[in-house]
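Here's a quick briefing on the model below. Have a look at the structure first, then read on.

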Amino acid sequence: MDAIFYLLIPLVLFTVLLYPLCRKAVGLLEILVNKYATREKPHGASENLKLLAYERIVLLIERLKPDSLIPRTLNPALSGKEYQLLLLNEIRKEFEYNLSQQLYLSEEAWKTATGYKDSVVTLINQAAREASPTAGAGEMAQHILERYIQSGIDAETVIRIARRDIQIP
């Protein structure tokens with residue numbers, strides 16, 4: 001268990017340091033796409049909305065990954081149960097914010113994205129059930145990350161479907 005803890009520390013630090021850069025890059029890409037979309041004819045606008053929807057869904061999946069979600073939300077002062085509720089609330093808010101994207105996504109892409117979200121919620125709930133009743137947020141976070149590493153939850157499936165739907169090799 002100590003070895004896993006020492007492996008998780010660099011992973012969490014790497015994620016915490018890399019996340020702002022990825023977020024800024026995606027924001028700049030959205031600005032460029034929006035600028036391009038305003039120059040397009042009305043017919044091309046729907047294609048740009050579709051592209052933006054796929055971008056938003058990929059970003060949603062990236063934000064829901066436990067190795068991205070936990071560094072953003074970890075508060076050591078919380079109990080394990082409080083942290084579980086905080087994570088579930090954060091996932092709900094992220095998902096609700098992107099709910100309208102389903103209008104522009106293929107049915108398969110939307111089902112896969114919602115399936116991924118549901119899998120992460122299930123993983124968090126299972127980790128909370130298995131954790132000690134006196135566990136703090138840090139211990140809960142470690143338990144969730146361990147379960148995530150061991151699980152077969154695959155975010156890449158959603159990204160592959162998005163690439164296929166918008167024809168990116």
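Which residues of helix α7 are buried? They are Val158, Ile159, Ile161, Ala162 and Asp165, in a helix that spans residues 156-165. Buried means under 20% relative accessible area, exposed over 50% and partly exposed in between, with a 1.4 Å probe and protein chains only. These buried residues cover an arc of only 160° around the axis, which puts them on the same side of α7; the arc is that of the directions from the helix axis to the C-beta atoms.

Keep in mind that this is a predicted model, where local features need pLDDT of at least 70, side-chain atom pairs count only at pLDDT 80 or more, and totals for chains, interfaces and linings use all residues. Residues are numbered from 1 along each chain as its sequence is written, and side-chain values use heavy atoms, leaving out hydrogens and water.

**Overall fold**
- The protein chain has seven helices and zero strands (DSSP runs numbered from the N terminus: H or I, at least four residues, for helices; E, at least two, for strands).
- Of its 169 residues, 36% count as buried.

**After α7**
- Gln167 comes just after α7 and takes a positive phi of about 55°.

**A charge over a ring**
- The charged end of Lys117 sits over the ring of Phe95, 4.5 Å from its centre (the cut-offs are NZ of Lys or CZ of Arg within 6 Å of the ring centre and within 35 degrees of the ring normal).

**The loop after α4**
- Leu103 lies in the loop between α4 (80-97) and α5 (107-130).
- Leu103 is exposed, with a relative accessible area of 69%.
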